[in-house]
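Thank you all for coming. Today I would like to walk slowly through one protein chain, and I will try to explain the vocabulary as we go.

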Amino acid sequence: MTDLASTTAALAGLGLPHAVHAHAAADSFRAWADTVAAARPAGVAAVAPTKTLVLAPKRGTPALVVALDSTEFSIGALGKALGLKDARAASDDAVRALLRVDKLDATPFALANVADKSAVTVVVDRNVIEFNGHLAFRAFGADKSLLVEASHFKAFLDAQLGSFEPKDFAALLAGGAAPAPAPAAKAKKEASDEKEVLIGLTVKKNEDFPTWYSQVLLRTEMLEYYDISGCYIIRPWAYNIWKRIQQFFGPEIEELGVEDCYFPMFIPEKNLTKEKDHIEGFSPEVAWVTRAGQSDLAEPIAVRPTSETVMYPYYASWIRSHRDLPLRLNQWCNVVRWEFKHPQPFLRTREFLWQEGHTAFATKEEADVEVRQILELYRRVYEEVLAVPVVPGRKSEKEKFAGGLYTTTVEGFIPTTGRAIQGATSHCLGQNFSKMFKILMENDEGKRVNIWQNSWGLTTRTIGVMVMVHGDDKGLVLPPRVASIQAIVIPVGITAKTTEAERNALYAKAEEIVATLKKTGVRAKSDNRDNYSPGYKYNHWELRGVPLRLEVGPKDVAKNETRSVRRDNGVAAQLSLATLAEEVPALLQRIQDDMYAKAKAERDSRVVRLESWDKFVETLNNKCLVLAPWCEEVSCEEDVKERSANSAQGDEPVDDKAPSMGAKTLCIPFEQPAGGVKKGAKCFACDRKAVSYTLWGRSY
Ligand code: 86X
């Protein structure tokens, strides 16, 4: 920890003078730097605010950089000058992993937390060390700063690092490095970002996908960032999609005989850790409640990362005889997995929403049937509801849920990054959990025997996949089946010469169209706001992905028509108002079908069949998946992962964002290429016999 107390204690321990300076609370770095520079305590001649940041290169050791606040540089240029390849500001999680403090609390004093000093390169500008006065470090709350004389700061670094040499940033940055982008240009970009919030996106999907994704989510009001890393607010425009998924999936599983229920989100420590095999590997992700108010709990309580250990003890007590089976329960709930990998809205979040189904049967045959029925429903959620193509299949031994017998999956694909993404899973647990939790039934002969179990889950990741697959440079593109507004009706052609009566008639027409559409089950709305232009409204609803726009102008109305414009492909068509109740539902269905067909064609064009290793890595690098005959051996899958990681760029990959990450098996598709694996065919990656065509790719 580098809280104020432990930092001052560390400095005192080294015999280094320092002072804690209390000042007005400052709620941003800028405000802090201004405050601390201005409000100098008695006896201190000069105070220079400092900044500390961590640069993460694509490969190699991260750098802890300390400079005076007044020293301007760009991270890219400094990284380059320091010989750090593709350096960027380290993520919150990377900073925490390195320094054991939150990014906002990073100071050079956190070096005391780094046991292995070779894990970080410390880079301090000479200006810092040579400053004639006190350095100010922020990190100890908004209203306190630590003041340390520059010479004493150097002594601290010497004590931590053995010996320490500062760097000359000015010379470094002048010495042939790419010029830093002018601060003015950056400020201008940000200002224009702000202005364009209401107009659209400032980046293209293909040019800067991460920024595109976050702009789409924020500007459509689907998502809001939250103060805790990895946690996000799901706003109505996104939550509605989740509701539509529930409205499809809920009745379908009810039809299969599954009932909804709700179990507590808290798990007593002993229940969670009882089943060591199941928890093993996952335990670093478990979040704990240890305190209520000011008092520590007698026993820590875990927050569910999944509900096996919550539910199965009760399955053991509820199931007595084969007549109590099948037992088929589902719950819609949140779960918490405190991951330290880079979080991404919807795709990888620390809390997420899901449904988890947990079912129990007397026979394996019944369990097997259900695994596939549920997987088929997951396929339909993606393909029929979200218009996203997926590949259903079985997971390899390496990739299956280790606690179960076998795992089935639907695998999606994000064309922009060329990466696959698991869409949902349906597991046959076999009798493992029945044995662990002593869930037994009395059979016909009165003997107590183990039962067969399944579990299956679908999460809010669905929403992120849908956004990434269908979105375009104008923003979100919603499949009609999940759009809260399927048709937006916009009055147009109002000019200065339009009389109030004419305008009211137009608005009334728009309302009438909405009423007609609603009666046939179309989710329609009119945008009669008179303080916005039609063009503004087009952009507004295009950004938000509404599938169909209906323009109602005086000329259209005179012909008893409306002009329709499709969001997915921009195609416009005149529709007769007389047949709107039939035409619009048909058009929405066509949009839904076309969106799926387009996404499927794109996905299909990126699944490349290979029979041997030669083109494997090249194909992955071209943002494709590979379908290849495989031996199904775990050791071979491990080899492939390593070989595909290293040969991509000729270097070690550092994280899973690097394009050189290794390839995994995604699934062994249930639908094999015609004829299947040819007799005597070899595995594409080793000398063994091929067993099945398997889908490979880099994945989320
Ligand atoms: C595996 C298995 C299974 C019900 C599903 O995939 C569908 C719905 N559960 C989930 N899994 C864990 O068991 C797990 C356990 C702990 Cl303790 C954890 F922290 C994270 C986990 N992640 C996944």
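Let me begin with a term: two strands are said to pair if DSSP finds at least two bridges between them. With that in mind, and remembering throughout that what you see is a predicted model, look at strand β22, residues 487-491, which pairs with β24 in the parallel sense over five bridges. Within that pairing, isoleucine 490 stands opposite glutamate 551 in β24. β24 also has strand β25, residues 561-566, as a partner, and here four bridges join the two, which run antiparallel. Glutamate 551 takes part again, since its bridge partner in β25 is arginine 563.

How many of the five residues of strand β24, residues 548-552, are buried? The count is five of five, and the strand is described as mostly covered. In a regular strand the side chains alternate between the two faces of the sheet. In β24, Leu548, Leu550 and Val552 point one way, while Arg549 and Glu551 point the other way, and all of these are buried.

Let me step back to the overall layout. The domain assignment of the chain gives domain 1 (4-179), domain 2 (233-291 + 298-469), domain 3 (480-603) and domain 4 (607-697). The centres of domain 2 and domain 4, taken over C-alpha atoms, are separated by 28 Å, and the contact between them takes 24 residues from domain 2 and 18 residues from domain 4. About 1,800 Å² of area is buried between domain 2 and domain 4, with carbon and sulfur atoms giving 62% of it. On the domain 2 side, Arg394, Lys398 and Arg419 lose the most area to domain 4, and together they account for 30% of what that side buries.

Next come the sheets. Strands of a sheet pair through backbone hydrogen bonds, either parallel or antiparallel. One open sheet has 11 strands, in the order β10-β14-β15-β21-β18-β17-β16-β29-β30-β28-β27, and its pairing is mixed. Its edge strands, each pairing on one side only, are β10 (259-260) and β27 (607-609). As one example of pairing in this sheet, strand β29, residues 664-669, and strand β30, residues 692-697, are antiparallel over three bridges, with lysine 664 standing opposite glycine 697 in β30.

Two helices lie across strands of that sheet. Helix α13, residues 308-318, lies across β14, β15, β18 and β21, running at about 160° to β14. Helix α14, residues 364-385, lies across β14, β15, β16, β17, β18 and β21, and runs at about 10° to β21.

There is also an open sheet of three strands, in the order β11-β13-β12, with antiparallel pairing. The twist in this sheet averages 45° from one strand to the next. Here β11 pairs with strand β13, residues 295-303, over three bridges, and phenylalanine 266 has valine 303 as its bridge partner in β13.

Let us now turn to the interior. The largest nonpolar core has 58 residues, and those with the most contacts inside it are Met222, Ile241, Phe249, Tyr378, Leu386 and Val467. Helix α10, residues 236-256, gives the most to this core, with eight residues. The core draws at least three residues from each of domain 2 and domain 3. Tyrosine 378, leaving aside residues up to four places away in sequence, touches Phe249, Gln355, Val410, Ala424, Thr425, Ser426, Trp456, Gly457 and Leu458. A second, separate core has 35 residues, including Leu64, Leu111, Val120 and Val124.

Is threonine 460, which lies in the loop between β21 and α16, buried or exposed? Its relative accessible area is 3%, and because buried means under 20%, threonine 460 is buried. Not counting residues up to four places away in sequence, threonine 460 touches Ile234, Trp242, Phe346, Phe352 and Leu353.

I will finish with helix α9, residues 209-219, where eight of the 11 residues are buried, so the helix is largely enclosed by the rest of the structure. Among the buried residues of α9 are Phe209, Trp212, Tyr213 and Arg219. After α9 comes glutamate 221, whose phi is positive, near 65°.

How values were computed: Residues are numbered from 1 along each chain as its sequence is written. This is a predicted model: local features need pLDDT of at least 70, side-chain atom pairs count only at pLDDT 80 or more; totals for chains, interfaces and linings use all residues. Side-chain values use heavy atoms; hydrogens and water are left out. A nonpolar core is a set of buried Ala, Val, Leu, Ile, Met, Phe, Trp, Tyr and Cys residues joined through side-chain atoms within 4.5 Å. Buried means under 20% relative accessible area, exposed over 50%, partly exposed in between (1.4 Å probe, protein chains only). Domain bounds come from an automatic or database domain assignment. Contact means heavy atoms within 4.5 Å. Axes are lines fitted to C-alpha atoms, for helices over the stretch in contact, and angles run from 0 to 180 degrees between N-to-C directions. Buried area is the accessible area (1.4 Å probe) that two parts lose on being put together, summed over both.
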